[in-house]
Structures are given as structure tokens and as C-alpha cells.
Amino acid sequence: MLETTRAEEHLSRSEEFIAAAVVGEDVIAVTRNGGVRTIARIGQDGTTPLARLDVEEPFGEALVSTADSHWWYGTAGFREQQFGTLFITGDSGDTVSSTFVPHDVHAPFMWLRLEEEKPRGLLVFFKSTAEMEAREVTAAAEGRRWTFEAPPEYGLGIVWSAEPIANDRIALVTADGKAGIEERLTLRILGNEGVIATTILRTERRFDRISTAVDGRGRLAVVCEWAWNVEAAIFAPDAPGEAKWQKLGAPAENPAVLAVPDGFVAAWRDRESGRIRVQELSARGVSLDLFSTHERMPVVLRRAGDDDLLIASGSAYQRIPRNVAAAALLEWIRDVSASAAPALDRYRKEWSFISNERPIEVVEGGT
């Protein structure tokens with residue numbers, strides 16, 4: 001049944017969602033209160049803290065739920081003056097375990113999650129002033145490595161994203177160049193033996209955010225924010241020249257994209273209304289407005305079982321049907337019915353009043 005739940009707030013006003021995932025009937029959340037991050041389980045019995053992170057200065061982080069009701073969280077940072085990657089794993093209960101993988105890295109840049117069943121990430125750092133290195137990291141050890149030219153600048157923020165793709169490769173999407181002058185949205189396909197295939201997807205004065213996802217057909221979706229425009233493209237990673245960009249919202253910000261069985265869904269914050277908007281990336285282009293949130297809050301978009309989605313931002317989250325177009329139509333019908341009800345009620349009262357005052361006379365016999 002298509003049903004959109006009401007937005008719920010399970011966090012205090014001083015906390016905010018960094019990441020969230022659905023495991024069974026519960027929500028596993030990574031929240032931030034100042035510089036402190038906490039992993040908690042939110043269920044019918046309330047909120048249960050599971051872990052408090054002891055990593056300073058995270059260089060990227062992510063939370064992933066798996067098909068067997070497990071979840072894992074990954075980040076990179078400093079722990080007892082040692083830089084490395086921290087993986088925390090858990091299940092639908094309250095038992096968690098952690099693994100710390102140290103790295104001999106002196107100029108860390110970014111840690112990017114690779115969304116799979118087993119914990120895996122991509123650590124990117126400056127190998128020298130002219131070169132960057134990307135390392136594959138699992139909970140067991142470091143893996144493959146790739147080296148490429150360091151960007152001349154990376155602006156006020158690090159706008160990168162990575163996805164595992166077919167044939168054990170990684171799609172790395174980056175924004176680099178001179179912010180405010182010209183930045184390149186670049187796709188790098190990281191293959192075996194250090195091989196990298198590079199394509200420039202597009203250029204703008206500055207890219208503020210990037211979100212990516214890969215669907216079951218192997219297609220890559222890239223959603224980017226630039227100058228308060230949110231646009232999306234879907235293409236095969238090996239044929240990036242076929243990318244056609246679709247404008248989703250303007251003025252808009254904080255985009256997120258998610259792969260679902262029948263394609264992709266995107267979410268972002270509408271700057272005029274302040275509300276979260278979610279839309280299927282399809283020809284229908286029907287969007288659904290949700291709750292309001294502050295402009296600086298990230299938008300978290302995740303699957304919630306087979307038929308629902310979870311959207312979180314700030315201190316609130318909401319579940320909606322995966323079929324966004326059908327849910328939007330249902331909401332529209334409800335809104336129309338709700339707005340029409342008072343008018344119909346007034347009409348009934350007025351008609352009743354008129355009927356009582358001026359009854360219809362029935363004359364028997366003749367004309």
C-alpha cells in the first residue's frame with residue numbers, strides 16, 4: 001500500500017543526521033553533535049546508542065546496510081595519533097565490532113565509501129605536490145593503488161564520489177580545477193594494474209556537491225549541484241559521452257541519488273520553500289515535497305526494504321513509497337479532497353437551507 005509517513009524527529013535540536021540506513025524495522029543512524037559522532041539504533045522502543053566514534057578529524061564517512069540485516073560504517077581519521085581507516089560493523093541487534101587499519105599517509109585528502117556487502121573504501125591522498133594516490137581499503141588490509149595528477153585547486157570543499165562498477169573497477173567522479181573560474185567534472189575509471197581511463201563530463205565555474213549511484217543494469221547516475229542548480233545524468237560508465245543532463249531543481253541544493261530496482265531516485269532541498277523534494281529520474285519527472293530542513297544540512301537518501309525509501313536531514317526523517325510518482329499522485333488526491341471537503345460541506349448546508357426555505361411544491365391533477 002502506498003503510504004507516506006509523517007516526518008519524525010528522534011534527535012535533539014543540537015544533533016543532526018550524517019548518515020542513516022534501514023536494518024529490519026529499525027533505523028541505524030550516524031549523528032553529529034558538535035564534533036562528536038554517535039551511531040545509534042532508532043526503533044519502536046526508542047533510541048539506543050551503539051557506538052561513539054573515537055576518530056578525530058574524519059576525512060569522509062558513510063553508513064551502508066546489507067541484504068542480511070547487517071550494517072557497516074567506515075571513515076578515515078586520526079586515532080591515538082595514528083592515521084587510518086575505521087570500520088564498525090553490526091546487525092539488527094545491539095552488538096557491534098570495530099577494525100582499525102593504519103596507513104602510512106602524511107597528506108590525507110578524502111575517504112570515500114564503496115557501497116557493497118563487505119566494508120570497503122577508497123582512500124585518496126597527496127603522494128606529492130604533483131601527484132595523488134588512491135588506495136583500496138578493506139577491513140582486512142590495503143589493496144590496489146592508482147596514481148594520477150593532482151588537481152591545481154579543489155576550492156572550499158572536496159566534491160568527490162566513488163562507486164564500484166562491473167569487472168571489479170571503481171568509478172571515481174571528481175570536481176577539480178580553479179573554483180569560481182572553471183572546474184571540471186571528471187570521471188576516472190580505476191581498473192586493475194593501476195590503469196585509469198579519464199573523461200571530462202562537463203565544466204562549470206564551480207561544483208558544490210556531487211552524489212553518485214549505480215543501478216542493477218550497471219548504469220551510473222551522477223547528480224551535481226552548481227550555482228544553486230541541481231542536475232542529473234544517467235549513462236553507462238564505459239560510454240560517458242552519452243550523458244544527457246536533466247535539470248531537477250533551481251534554486252536547489254544538497255542533492256542525493258539512490259539506485260532502486262527500476263532506476264534511480266534523487267532528493268534535494270528546494271531553496272525557496274526549504275522543503276526536501278524527491279523525484280524519480282525518469283521521463284515522468286514527478287516530484288514529491290516532504291518536510292522542511294535547514295540549508296546547511298545534508299540530505300540522506302536510502303532504501304527502506306523493498307518498497308520504501310528513507311529520507312533524513314537535520315534532526316528528522318521520513319519514510320515514503322519507492323514509487324514516488326504514484327505517491328505524489330496519491331498526496332495530490334488527498335490534498336484536493338481535503339481542500340474540497342469544506343466547500344462541499346458549505347454547499348450541502350446552503351442547499352439544505354434553500355430547500356427548507358423554498359420547498360418544491362407538487363401539484364396534483366391538471367397543469
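At 8% relative accessibility, arginine 120 counts as buried, because the cut-off for that word is under 20%. Let's start our tour of this predicted model from there. Arginine 120 is placed in strand S11, which covers residues 120-126. Leaving aside residues up to four places away in sequence, arginine 120 touches a mixed set of neighbours, including Trp72, Phe87, Trp111, Glu136, Arg144 and Asp168.

**The overall picture**

The protein has one helix and 28 strands. Of its 367 residues, 48% count as buried. If you look at contacts between residues at least 6 apart in sequence, 42% of them join residues at least 24 apart.

**Glutamate 15 and its surroundings**

Now move to glutamate 15, in the loop between strand S1 (8-9) and strand S2. Is glutamate 15 buried or partly exposed? Its relative accessible area is 22%, so glutamate 15 is partly exposed. Its contacts, not counting residues up to four places away in sequence, are Thr31, Arg32, Asn33, Gly314 and Ser315. Glutamate 15 and alanine 316 are 301 residues apart in sequence, while their C-alpha atoms are 10.0 Å apart in space.

**Rings and charges**

A pair of aromatic rings is described by the distance of the centres and the angle of the planes. In this model there are nine aromatic pairs. In one of them, phenylalanine 17 and tyrosine 317 have ring centres 6.1 Å apart and planes at 85 degrees, so the pair is edge-to-face. Phenylalanine 17 belongs to strand S2 and tyrosine 317 to strand S28 (residues 316-321), so this pair ties together parts that are 300 residues apart in sequence. Both phenylalanine 17 and tyrosine 317 are buried. Elsewhere, Phe109, Phe126, Phe148 and Trp160 form one aromatic cluster.

Rings can have charged partners too. Arginine 202 lies over the face of tryptophan 245, at 4.7 Å from the ring centre. The charged end of arginine 271 sits over the ring of tryptophan 228, 3.5 Å from the ring's centre.

**The second largest pocket**

The second largest pocket has a volume of about 410 Å³. It is lined by 15 residues, and those closest to its centre are Val22, Ser65, Thr66, Ala67 and Arg303. Which strands each supply at least two residues of this lining? They are strand S2 (16-23), strand S6 (61-65) and strand S26 (300-304). S2 gives the largest share, with three residues. By type, the lining divides into six nonpolar, four polar and five charged residues.

**Unusual backbone spots**

Most residues other than glycine have a negative phi, and most peptide bonds are trans. Against that background, take a look at two residues with a positive phi:

| Residue | Phi | Loop between | Relative accessible area |
|---|---|---|---|
| Glutamate 80 | about 55 degrees | strand S7 (71-79) and strand S8 (82-90) | 78%, exposed |
| Asparagine 167 | near 65 degrees | strand S14 (160-165) and strand S15 (169-178) | 62%, exposed |

There is also a cis peptide bond, which joins alanine 250 and proline 251, with omega at about -5 degrees. Proline 251 has its place in the loop between strand S21 (246-249) and strand S22 (252-260).

Definitions and conventions:
Residues numbered from 1 in each chain as written. Predicted model: local features only at pLDDT ≥ 70, side-chain atom pairs only at ≥ 80, totals over all residues. Heavy atoms only, no water. 1 Å grid on protein atoms, 1.4 Å probe; cavity = no way out; pocket = protein on both sides within 12 Å on 5 of 7 lines; lining within 4 Å. Points joined across faces, edges and corners; volume = space filled by probe spheres on them. Helix = DSSP H or I, 4+ residues; strand = E, 2+ residues; numbered from the N terminus. Nonpolar A, V, L, I, M, F, W, Y, C, P; charged D, E, K, R; others polar. Phe/Tyr/Trp six-rings, centres within 6.5 Å; stacked < 30°, edge-to-face > 60°. Buried < 20%, exposed > 50% of the residue type's maximum accessible area, 1.4 Å probe, protein only. Lys NZ or Arg CZ within 6 Å of the ring centre and 35° of its normal. Contact = heavy atoms within 4.5 Å.
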